[in-house]
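Hi,

Here is the structure I said I would pass on. Have a look at it first, and then read my notes underneath.

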Amino acid sequence: TSCSCAYLARGPLRPPDGKKILFHPTALLSDMIADMQDTTFYAHTRDGWTLQLIAYQAESKTKRPPVLCIHGFSQNHLSWNQGGFVRALCEEGFPVYLLDLRGHGGSQLDKQAPDVQERGFCWDLNDYLFEDLPCVVKLLRERHDGEKLLLCGHSLGGILSAVYTYRHPEDVAMFAMLAAPLDISKAAARVKLASWAMLRLRGLSTSKRISWKKLPMNVFFSGMEKVFFSEVPGVYRALPWLSRYDRFQLLSRLWNPHSIDEEIVRYLLRTMEAEPVSVVMQLADWAVQGGLRFGREEEVDYLPLLSQITTPHLGAWGDEDLLAPPRTADSFYRYIRGRQYRRILLKQTNHIDMTAGAPALYVANALTECVSTHFPIV
């Protein structure tokens with residue numbers, strides 16, 4: 001059965017099936033998930049990292065495949081449980097697992113690991129793909145008696161979900177890419193310009209023999225929160241029309257003010273994390289040169305290979321997203337061989353709205369429908 005379709009959500013954002021959208025300020029987050037069973041446990045990688053997983057499960061008459069949620073760049077598990085996305089899936093019978101990739105959230109390098117001090121910020125995208133995900137997927141499949149997983153990735157997490165599925169289709173029942181910039185070279189011009197500047201800065205620092213291991217993205221995003229929301233001189237306070245009419249994003253932002261609660265945005269910006277320079281430079285190289293290159297001794301460009309995937313999947317993009325505009329996935333869908341998929345373009349939706357704003361309920365509903373199409377409810 002084919003699940004191939006594409007549609008645009010038009011007009012004001014309304015939840016599917018008449019459900020009421022409730023924005024949950026951070027102070028009420030614990031109340032929002034208080035009646036759901038949650039457990040924190042850990043996976044241990046071969047190279048000495050302890051990865052945190054937070055499991056959520058609600059009482060439900062249906063049984064569905066376990067969902068592994070993989071966060072994006074500079075984020076952690078908090079990007080998933082702020083706007084009702086987790087609850088919506090749990091109420092449909094999905095066991096949901098929120099992963100903190102190495103160096104993020106509650107994941108940390110074991111104190112007994114060799115060279116622990118030197119390795120603090122020495123990881124790259126290859127470690128996520130070749131170490132973290134295989135370790136976590138193996139653990140969760142054992143926890144669920146060998147059942148295949150549903151990988152759900154946001155932004156960089158969406159890229160990791162797709163590439164992992166290509167490499168290990170035997171582990172994945174279905175995967176979802178939410179605001180995933182599959183071809184970052186087709187992102188907005190300002191993203192490519194920033195990437196080019198980062199690569200130039202790396203070249204300059206190398207020539208001057210300046211060594212730096214991490215980029216304080218947490219400081220950058222914390223500054224963004226102050227620029228937009230602080231009382232003085234917060235942009236939205238001083239120039240309120242920007243929050244209503246700035247469709248062209250004269251000041252770049254990651255959210256649509258009409259699609260996500262202000263308190264959630266502020267909380268997410270404050271909880272962003274620093275990133276290793278190696279991760280930033282890999283992403284910058286993809287943006288400037290194109291491709292999705294992974295590998296240690298020999299790199300492989302997975303971008304042209306992803307079209308060979310036949311595993312069912314859901315792809316969702318927002319029309320206002322400068323980091324992952326819908327065109328970044330055009331080549332993937334132009335050549336994809338598998339016909340069991342659903343591609344969604346959401347209006348009035350930016351990057352973090354996809355998992356923490358009103359559009360998250362569209363995504364959760366579409367994900368449930370896709371799973372119901374391909375896998376019978378138990």
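Below is what I found, going from the whole chain down to single residues.

One thing to keep in mind throughout: this is a predicted model.

**Overall**

The protein has 378 residues, and 57% of them are buried. There are 13 helices and 14 strands in it. If you take the contacts between residues at least 6 apart in sequence, 77% of them join residues at least 24 apart. For the surface, I get about 16,700 Å² exposed, with carbon and sulfur atoms supplying 54% of that.

**Strands β3, β4 and β5**

Strand β5 covers residues 96–99, and it pairs with β4 and with β3. With β4 the pairing is parallel, over 4 bridges. In that pair, L68 sits opposite Y97 of β5. The β4, α2 and β5 elements together form a β-α-β unit, and its hand is right.

With β3 (residues 49–57), β5 runs antiparallel, and 4 bridges join the two. Here I54 has L98 of β5 as its bridge partner.

Which way do the side chains of β5 point? V96 and L98 go one way, while Y97 and L99 go the other. That is what you would look for in a regular strand, where side chains alternate between the two faces of the sheet. Both sets are buried in β5: V96 and L98 as well as Y97 and L99.

**The loop between β4 and α2**

I spent a while on this loop, which follows β4 (67–70) and leads to α2 (85–91), with H71 in it. Is H71 buried or exposed? Its relative accessible area is 0%, so H71 counts as buried. A polar atom of the H71 side chain lies 3.1 Å from the backbone nitrogen of L101. H71 also comes up against L99: the two are 28 residues apart in sequence, yet their C-alpha atoms are 7.2 Å apart in space. Once neighbours within four places in sequence are set aside, the contacts of H71 include W80, L99, D100, L101, H104 and H154. S79 is on that contact list too.

S79 is found in the loop between β4 and α2 as well. With 3% relative accessibility, S79 falls under the 20% cut-off and is therefore buried. Its side chain reaches the backbone oxygen of N76 at 3.0 Å. Beyond four places in sequence, S79 is in contact with H71, L268, T355 and A356.

The same loop, between β4 and α2, holds S74. You may want to look at its backbone: phi of S74 is near 65°, which is positive in a residue other than glycine. S74 is buried because its relative accessibility is 0%.

Another non-glycine residue with a positive phi is Q348, at about 55°. You will find Q348 in the loop between β14 and α12.

**Helix α9**

L268, one of the S79 contacts, is among the buried residues of helix α9 (residues 262–270). The others in that buried set are I264, V265, R266, Y267 and L269. What do the buried residues of α9 pack against? Three helices: α6 (217–229), α7 (235–238) and α12 (353–356). At the start of α9, a side-chain oxygen of D261 comes to within 2.9 Å of the backbone nitrogen of E263.

**Strands β13 and β14**

Further along the chain, β13 (residues 313–318) and β14 (residues 341–346) run parallel and are joined by 6 bridges. A316 stands opposite I344 of β14. To get from β13 to β14, the chain passes through helix α11 (residues 330–335), in a β-α-β crossover that is right-handed.

**Cysteines**

How many disulfides does the structure hold? The count is 0. For C90, the nearest cysteine sulfur belongs to C69 and is 9.0 Å away. A disulfide would need the two sulfur atoms within 2.5 Å, so C90 is in none. C90 counts as buried because its relative accessibility is 0%. C122 has a relative accessibility of 45%, so C122 counts as partly exposed.

That is it from my side. Shout if anything is unclear.

Cheers

Notes
Residues numbered from 1 in each chain as written. Predicted model: local features only at pLDDT ≥ 70, side-chain atom pairs only at ≥ 80, totals over all residues. Heavy atoms only, no water. Buried < 20%, exposed > 50% of the residue type's maximum accessible area, 1.4 Å probe, protein only. Contact = heavy atoms within 4.5 Å. Areas by Shrake-Rupley, 256 points an atom, 1.4 Å probe, with all protein chains shown as cover. Pairing = 2+ DSSP bridges. Right-handed = clockwise from strand over helix to strand, strands pointing away. Polar contact = N/O pair within 3.5 Å; in protein donor to acceptor, adjacent residues only side chain to side chain.
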